[in-house]
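Here are a few exercises to work through with the model open beside you. Try each task before you read its solution.

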Amino acid sequence: MDYPLRISYIQADIVWEDIETNLQHREQEIGQLAGKTDLVVLPEMFTTGFSMNVERFDEQTTSYTVETIQRWSDTFQVAIAGSFIACEEEKYFNRGFFAVPQLPIQFYDKKHLFRLGQEGALFTPGNRRTIVHYKGWNIALFVCYDLRFPVWMRNRDNEYDLLLVVANWPQSRSFAWSQLLTARAIENSCYVCGVNRIGEDIFQTPHSGDSVLLDMKGHPLSSARSGAKEIITSTISLTDLESYRQKFPFWKDGDKFSLLP
């Protein structure tokens, strides 16, 4: 039995540190996708942009963001993934999320914190991977800089079918973004959806987006225009993926290893 999955990714600008405005924009867009998709993927830190002003975001704003995302998922009957700034017990996390209608949200805290942006000085790294089971699919969620670390993202024994990478990846390194996403699809024999923002942040750093959905061979199934606001929906097939894995069982020859803390 096949389990087709409709994925919609939103490539958009982010209003700097304005949670309410960003939530309003995304709610309108997700509402328009109701009944037309199974999963909506948003960029990294979709409510604030890549801000290091963590003192502005407390446990109350964290709860509000989580409640809003869950309400969207329940109301529009769609899964939603992305990341936001979370505060918990006076620690801050770049927190990935995967919300499913009528079920508790699952979270992933970004492990690799961006050294050049001082993220590691302010945020606490996560120490576990998150793989979500949804509509017959196993879906792994990672955040931005994680993309540069293939060992952390390694798909051991086909434990996931779809890899999501949400990002605030600058235009100056867009070539690396595209090449790394392609490599992750090929080496892990899985679909990959990379969703990046557009526009400039407060530091006038341009972001070109270059969001894309790749098949298990690294071929683009759909891609957003560079620098353009776009909402793209594509369908992927679990039958096609399993057929490929049977014909080319590269995963059986993968190296066995464990990650030490």
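**Exercise 1. Find the second largest pocket, give its volume and describe its lining.**

Solution. Start with the volume: the second largest pocket holds about 190 Å³. A pocket here is an open set of points on a 1 Å grid over the protein atoms alone, where a 1.4 Å probe fits, with protein on both sides within 12 Å along at least five of seven lines; lining residues have an atom within 4 Å of a point. The volume is the space filled by probe spheres set on the points, which are joined across faces, edges and corners. Next, the lining: it has 13 residues, and R154, N155, R156, W251 and G254 are the closest to the centre. Last, sort them by class: six are charged, four polar and three nonpolar. Ala, Val, Leu, Ile, Met, Phe, Trp, Tyr, Cys and Pro count as nonpolar, Asp, Glu, Lys and Arg as charged, and the others, Gly among them, as polar.

Before going on, keep in mind that this is a predicted model: local features need pLDDT of at least 70 and side-chain atom pairs count only at pLDDT 80 or more, while totals for chains, interfaces and linings use all residues. Residues are numbered from 1 along each chain as its sequence is written, and side-chain values use heavy atoms, with hydrogens and water left out.

**Exercise 2. Do the same for the largest pocket.**

Solution. This one encloses about 450 Å³. Its lining takes in 22 residues, with F50, F114, G117, N168 and R173 closest to the centre. By class, you get eleven nonpolar, six polar and five charged residues.

**Exercise 3. Work out how β4 pairs with β3 and with β5.**

Solution. First place β4: the strand spans residues 91-99 (strands are DSSP E runs of at least two residues, numbered from the N terminus). Eight of its nine residues are buried, meaning under 20% relative accessible area with a 1.4 Å probe, protein chains only. Now look to β3 (residues 79-88): nine bridges join the two strands, antiparallel. Strands pair if DSSP finds at least two bridges between them. One pair to check is F84 with R95. The β3-β4 hairpin leaves two residues between its strands, and E89 in the turn has a positive phi of about 55°.

Then turn to β5 (residues 106-109), which runs antiparallel to β4 over four bridges. Here R95 has D109 as its bridge partner, and F97 sits opposite F107. Six residues separate the strands of this hairpin, with Q102 in the turn at a positive phi of about 65°.

**Exercise 4. Which residues have the most contacts inside the largest nonpolar core?**

Solution. A nonpolar core is a set of buried Ala, Val, Leu, Ile, Met, Phe, Trp, Tyr and Cys residues joined through side-chain atoms within 4.5 Å. The largest has 49 residues, and F98, L162 and L164 come out on top for contacts inside it. Now zoom in on F98: beyond four places in sequence, its contacts (heavy atoms within 4.5 Å) include L39, I80, V132, Y134 and L164. A separate core has 32 residues, among them A12, I19, C87 and Y92.

**Exercise 5. Is Y3 buried, partly exposed or exposed?**

Solution. Y3 sits in the segment before β1 (5-11). It is partly exposed because its relative accessibility is 34%, between the 20% limit for buried and the 50% above which a residue is exposed. Along the chain, S237 is 234 residues away from Y3, but their C-alpha atoms are separated by 6.3 Å.
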